[in-house]
Amino acid sequence: MTTRYLIRFDDVVPGMAWSHFAAFERIADTCALPYLIGVVPECRDPKLAVEPARADFWDWVRARKAAGWTVAQHGYQHLYETDARGILGIGRKSEFAGLPYDTQFQKLAAGKAIMQAEHVWSGVFMAPSHSFDENTIKALRALDFTALTDGFGFYPYDLEGLSAVPQLFARPLGLGFGVETICLHVNTMRDDAIERMIEFIGAHRQQIISFDDALTIQPMVPVLSAALRHATSVALRLRRAVRA
Ligand SMILES: [Zn+2]
């Protein structure tokens with residue numbers, strides 16, 4: 001029994017902090033690691049552009065997809081319109097949750113069209129700020145999305161017709177079972193945090209799996225999966241309540 005890790009990068013856009021990302025890219029090349037990246041189809045969020053925009057951005061995404069990385073659709077424009085926490089109850093703002101179904105459908109469809117035109121759409125959704133609601137799920141299903149990189153617990157599960165691969169923390173716990181998604185935002189990572197994470201990745205490279213492989217991780221005892229899901233949901237909501 002061992003923990004499997006999925007390494008996820010949010011906010012992958014032309015003007016991201018490529019200088020911070022370089023070390024992660026190097027180790028991915030050296031160790032053939034299959035990262036999960038959340039690409040914003042049409043980024044309008046000025047906070048995400050911190051370095052000169054990369055002119056060959058979509059070529060780069062296509063090359064990474066060809067190398068085995070999973071490209072998730074990270075919202076549409078990454079503009080927050082509501083302060084709805086959504087189903088998970090952990091985000092503080094949302095591009096989707098709380099908006100009418102038709103509005104959500106149109107945004108998701110517009111994002112999907114861009115991803116498809118660039119030949120990088122994969123049917124995996126990454127919600128900005130982890131916030132989505134029942135209408136988001138319904139629209140995702142209608143648009144043939146199959147999976148989400150969000151949810152509680154340590155094993156993938158069915159969330160109203162989509163496969164949810166849990167994402168709980170930015171740091172690894174290493175409990176010895178299941179799959180942990182490590183969620184990284186390179187724009188705001190400091191040098192020492194990057195160094196620590198690169199060290200961790202190097203030391204655990206045999207345990208790092210792709211999103212597709214994460215979808216297949218099953219608990220030895222099925223009831224354990226649901227119990228852990230409940231426990232982590234309560235823990236994260238409590239933490240939120242304490243911080244609020
Ligand atoms: Zn984001």
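Start at strand β2 (residues 36–39; strands are DSSP E runs of at least two residues, helices H or I runs of at least four, numbered from the N terminus): L36 and G38 point one way, I37 and V39 the other, and all are buried. Buried here stands for 20 or more other C-beta atoms within 10 Å of a residue's own, with C-beta atoms placed from the backbone. In a regular strand the side chains alternate between the two faces of the sheet.

Keep in mind that this is a predicted model, where local features need pLDDT of at least 70, side-chain atom pairs count only at pLDDT 80 or more, and totals for chains, interfaces and linings use all residues. Numbering runs from 1 along each chain as its sequence is written.

So much for β2 alone; now its neighbours. Strand β1 (residues 4–12) runs parallel to β2, joined by three bridges, and R8 has L36 as its bridge partner. Strands count as paired if DSSP finds at least two bridges between them. On the β3 side (residues 70–73), four bridges hold a parallel pairing with β2, and V39 stands opposite Q73.

How do the helices fit in? Helix α1 (residues 18–31) makes a right-handed β-α-β unit with β1 and β2, and helix α2 (residues 57–66) makes a right-handed one with β2 and β3. Right-handed means that, with the strands pointing away from the viewer, the path from the first strand over the helix to the second runs clockwise.

Finally, α1 packs with helix α5 (residues 191–203) at about 10°, axes 10 Å apart. That makes the two helices roughly parallel, a label for angles under 35 degrees.

Terms used: Buried ≥ 20, exposed ≤ 12 C-beta atoms within 10 Å, placed from the backbone. Axes fitted to C-alpha atoms, helices over the stretch in contact; angles between N-to-C directions. Parallel < 35°, antiparallel > 145°, perpendicular 65-115°, else oblique.
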